[in-house]
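Open your viewer and keep the sequence panel beside it. We will make a few selections together and look at each one in turn.

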Amino acid sequence: MAHHKSNKAVEGNPDTGHGGGLTRRPDEEELDERTEADRELVGLAPGDSGSEVDPAEQHADEEAEVDRQVAHGDIATDAGLPRSERDPFPPTGYED
């Protein structure tokens, strides 16, 4: 006989009158199963977390993209201007 009740036994069924929110200690196996089901639903490979990208490489790629946008004129830098002389809002791609 188990000394502690499972989260499901204590919390009840979340689909029928559960108060909402996660349990204090989520069932890891159930979360893994739901994650895999969600990944399959959106067409991602099972077990592929997408975290294989090196953070330093990702940062370098993002920095290069910002530099490209600045050089292309998509992002204004306002370098050297006092804050009072800068535009109050960031640039937008929408027509005026």
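The tour goes from the whole chain to single residues.

**Before you click.** This is a predicted model, in which local features need pLDDT of at least 70 and side-chain atom pairs count only at pLDDT 80 or more, while totals for chains, interfaces and linings use all residues. Residues are numbered from 1 along each chain as its sequence is written, and side-chain values use heavy atoms, with hydrogens and water left out.

**Stop 1: the whole protein.** Choose a cartoon view and you will find three helices and zero strands, in the order α-α-α. Helices here are DSSP runs of H or I with at least four residues, strands are runs of E with at least two, and numbering starts at the N terminus. Of the 96 residues, 1% count as buried; buried means under 20% relative accessible area, exposed over 50%, and partly exposed in between (1.4 Å probe, protein chains only).

**Stop 2: helix 3.** Select residues 55–72. How far apart are the end C-alpha atoms of helix 3? They are 26 Å apart, which agrees with the 26 Å expected for 18 residues at 1.5 Å a residue. That expected span is 1.5 Å times one less than the number of residues.

**Stop 3: R68 and E65.** Show these two side chains, both in helix 3 and three residues apart, about one turn of the helix. They form a salt bridge, with the closest N and O atoms 2.8 Å apart. A salt bridge puts a side-chain nitrogen of Lys or Arg within 4 Å of a carboxyl oxygen of Asp or Glu. A search of the whole structure finds one. Is R68 buried or exposed? R68 counts as partly exposed because its relative accessibility is 42%, and E65 is also partly exposed, at 34%.

**Stop 4: just past the helix.** Click G73, which takes a positive phi of about 95° just after helix 3. Then move to D74, in the segment after helix 3. The side chain of D74 makes a polar contact with that of H72 at 3.1 Å. Such a contact is a pair of N or O atoms within 3.5 Å; within protein, one must be able to donate a hydrogen and the other to accept it, and residues adjacent in sequence count only if both atoms are side-chain atoms. D74 is partly exposed, with a relative accessible area of 43%.

**Stop 5: the loop.** Finish at L44, in the loop between helix 2 (28–42) and helix 3. L44 is partly exposed, with a relative accessible area of 45%.
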